[in-house]
Amino acid sequence: MKFLKVTLVGLAAILLMALWVGFAGFVSFYGWWMKPVAPEGDADGFLAVASRMIDEEGKGNAALILIEDGETAGSVFADEALDIDDMTVFPTASFSKWMAAMAVMTLVEDGLVNLDAPVSDYLTRWTLPEGEFDNDQVTVRRLLSHTSGLTDGLGFGEYTAEETIPTLEESLAHPRASSGEDVRLAVGQEPGVFAYSGGGYLILELLIEEVTGEAYADYIAQRFFVPLGMEVSTYDFLGEVPHASANYDAEGNEQPHVQFASAAATGLSSSARDLSRLVKGTMRERRGFPLSPDALAEMRKPEAFVLGAPIWGLGTILYAPTRNGEDFVFGHDGANDPATNVTIRINPETRDAIIVLVTGHPRLASEIGGEWVLWQTGVPDVLSTDKALRSAVVPALAGAGIILLLVIFGARALFFRRS
């Protein structure tokens with residue numbers, strides 16, 4: 001009988017500890033164990049922390065602009081020895097996709113593209129290969145939100161300065177993957193489920209060219225760069241662009257600039273000043289922004305989910321709900337080898353935003369962006385799930401230890417009293 005009681009007490013202790021650990025892990029996604037780096041509303045305090053992170057962790061170049069209520073509130077530039085400023089041109093990696101998504105939305109607003117039409121309705125120069133799934137389910141909406149069923153997972157590989165960039169059709173037929181693997185653009189799963197696809201944006205690049213009859217870079221310049229005063233933004237090879245950031249690896253060693261075959265997926269280069277003009281355009285602070293507020297709001301509506309959580313809109317990452325819970329902090333990150341990292345995040349509720357461009361660290365911009373989202377909303381962003389879970393380790397272990405001690409002392413008291 002005593003053995004049975006001890007066993008039951010032990011099982012109860014294990015159950016209670018498991019429940020607590022699960023609870024601690026669950027509430028970590030709501031920021032219970034995380035503390036913002038500065039008090040709410042303290043822009044100077046946040047900027048000081050971000051500057052310190054760049055100084056301590058950065059091994060290359062960096063540019064940061066903080067926007068508060070639609071106005072520039074501060075900036076950080078490194079390395080000053082290389083004359084980095086708000087006009088220095090950085091590669092933006094996959095942030096390029098957000099620009100491509102907005103370009104698609106201009107065609108939607110112009111009545112030239114239907115979001116729910118099969119993308120094949122607009123293509124003549126290339127077609128999706130046939131497979132076991134219905135290609136007509138590959139709609140423009142699903143390509144924008146990475147729910148098209150494409151399973152390429154690109155990651156575009158770079159081309160050296162000496163190589164000739166393939167045509168758009170050649171890239172669609174044989175894309176160069178950053179993994180070095182042989183990747184094929186085809187529908188590999190039932191459309192409607194999230195699976196990140198760089199190849200989907202290569203297809204959207206073709207859509208823009210076919211619908212407009214213009215080269216992709218020319219259309220972006222006409223609709224965005226010129227009217228917004230984005231003076232140095234370009235899809236040209238960065239090695240030939242004046243006042244370009246150096247290209248560093250994670251150890252701080254300078255590397256040659258490279259080219260990418262997909263302008264829409266990863267080919268945009270821009271400066272902090274130009275991107276601040278783009279961001280302020282989304283807040284209607286700059287005339288000439290080509291999208292209406294309704295179109296921008298449509299891009300922030302959840303389209304893709306993971307474990308029931310909304311993570312993606314139409315070309316935008318949904319980082320976290322705003323404090324009032326009625327909207328999302330949105331934008332896009334980007335990362336490329338050897339160590340390029342970019343984030344642009346906007347809080348439509350407060351009209352605050354952050355722009356971080358980094359070479360020489362593969363995660364620093366996203367880490368600063370994550371701290372900014374926590375500071376803005378009180379909850380971790382969707383790219384900080386690992387950090388959120390790590391924040392639960394100490395509370396989970398401490399709580400489990402307290403439960404174990406309480407059970408042990410309670411059981412001893414019970415047994416001694418009965419004996």
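These exercises work through a predicted model of one protein chain.

**Exercise 1. The whole chain**

Describe the make-up, extent and burial of the chain.

Solution.
- Step 1: Start with secondary structure. The chain holds 13 helices and 14 strands.
- Step 2: Take the extent. Along the principal axes, the C-alpha atoms fill a box of roughly 90 × 55 × 40 Å.
- Step 3: Turn to burial. Of the 419 residues, 53% are buried.
- Step 4: Look at the exposed area. It is about 18,700 Å², and carbon and sulfur atoms supply 55% of it.
- Step 5: Sort the contacts that have a separation of 6 or more. Residues 24 or more positions apart account for 69% of them.

**Exercise 2. Helix H2**

Check the length of helix H2 (residues 43-57), then find what covers its buried residues.

Solution.
- Step 1: Work out the expected span. H2 has 15 residues, so at 1.5 Å a residue it should span 21 Å; the span counts one less than the number of residues.
- Step 2: Compare with the model. The end C-alpha atoms are 21 Å apart, which agrees.
- Step 3: List the buried positions. They are Ala43, Gly45, Phe46, Leu47, Val49, Ala50, Met53 and Ile54.
- Step 4: Find the cover. It includes strands E1 (61-68), E2 (71-78) and E14 (352-359), together with helix H11 (364-377).

**Exercise 3. Gly58**

Place Gly58 in the fold and decide whether it is buried, partly exposed or exposed.

Solution.
- Step 1: Locate the residue. Gly58 sits in the loop between H2 and E1.
- Step 2: Read its relative accessible area, which is 29%.
- Step 3: Apply the cut-offs. Buried means under 20% and exposed means over 50%. Gly58 is therefore partly exposed.
- Step 4: Set aside neighbours within four places in sequence. Gly58 is then in contact with Met53 and Leu364. Met53 is one of the buried residues of H2.
- Step 5: Add a distance to Phe225. Gly58 and Phe225 are 167 residues apart in sequence, and their C-alpha atoms are 29 Å apart in space.

**Exercise 4. The cavity**

Count the cavities of 30 Å³ or more, then describe the lining of the largest cavity.

Solution.
- Step 1: Count. There is one cavity of 30 Å³ or more.
- Step 2: Give the volume. The largest cavity has about 40 Å³.
- Step 3: Name the lining. It consists of Met34, Gly370, Glu371, Leu374, Pro380, Asp381, Ser384 and Lys387.
- Step 4: Sort by class. Three residues are nonpolar, two polar and three charged.
- Step 5: Find the main contributor. H11 gives the most, with three residues. H11 is also among the elements that cover the buried residues of H2.

**Exercise 5. Two pockets**

Set out the volume and lining of the largest pocket and of the second largest pocket.

Solution.
- Step 1: Take the volumes. The largest pocket has about 710 Å³, and the second largest has about 550 Å³.
- Step 2: Describe the lining of the largest pocket. It has 25 residues; Phe29, Ala309, Ile311, Val382 and Thr385 lie nearest the centre.
- Step 3: Sort that lining. It divides into 20 nonpolar, three polar and two charged residues.
- Step 4: Trace its source. Strands E10 (309-312) and E11 (317-321) each supply at least two residues. E11 gives the largest share, five residues.
- Step 5: Describe the lining of the second largest pocket. It has 33 residues; Tyr235, Phe260, Ala261, Ala263 and Gly267 lie nearest the centre.
- Step 6: Sort this second lining. It has 17 nonpolar, ten polar and six charged residues.
- Step 7: Trace its source. Among the elements that each supply at least two residues are helices H6 (198-212) and H7 (216-228) and strand E7 (259-260).

Methods: Residues are numbered from 1 along each chain as its sequence is written. This is a predicted model: local features need pLDDT of at least 70, side-chain atom pairs count only at pLDDT 80 or more; totals for chains, interfaces and linings use all residues. Side-chain values use heavy atoms; hydrogens and water are left out. Helices (H or I, at least four residues) and strands (E, at least two) are DSSP runs, numbered from the N terminus. Buried means under 20% relative accessible area, exposed over 50%, partly exposed in between (1.4 Å probe, protein chains only). Contact means heavy atoms within 4.5 Å. On a 1 Å grid over the protein atoms alone, a cavity is a set of points where a 1.4 Å probe fits but cannot get out, and a pocket is an open set with protein on both sides within 12 Å along at least five of seven lines; lining residues have an atom within 4 Å of a point. Grid points are joined across faces, edges and corners, and a volume is the space filled by probe spheres set on the points. Ala, Val, Leu, Ile, Met, Phe, Trp, Tyr, Cys and Pro count as nonpolar, Asp, Glu, Lys and Arg as charged, and the others, Gly among them, as polar. Accessible areas come from the Shrake-Rupley method with a 1.4 Å probe; for residues, only the protein chains shown count as cover.
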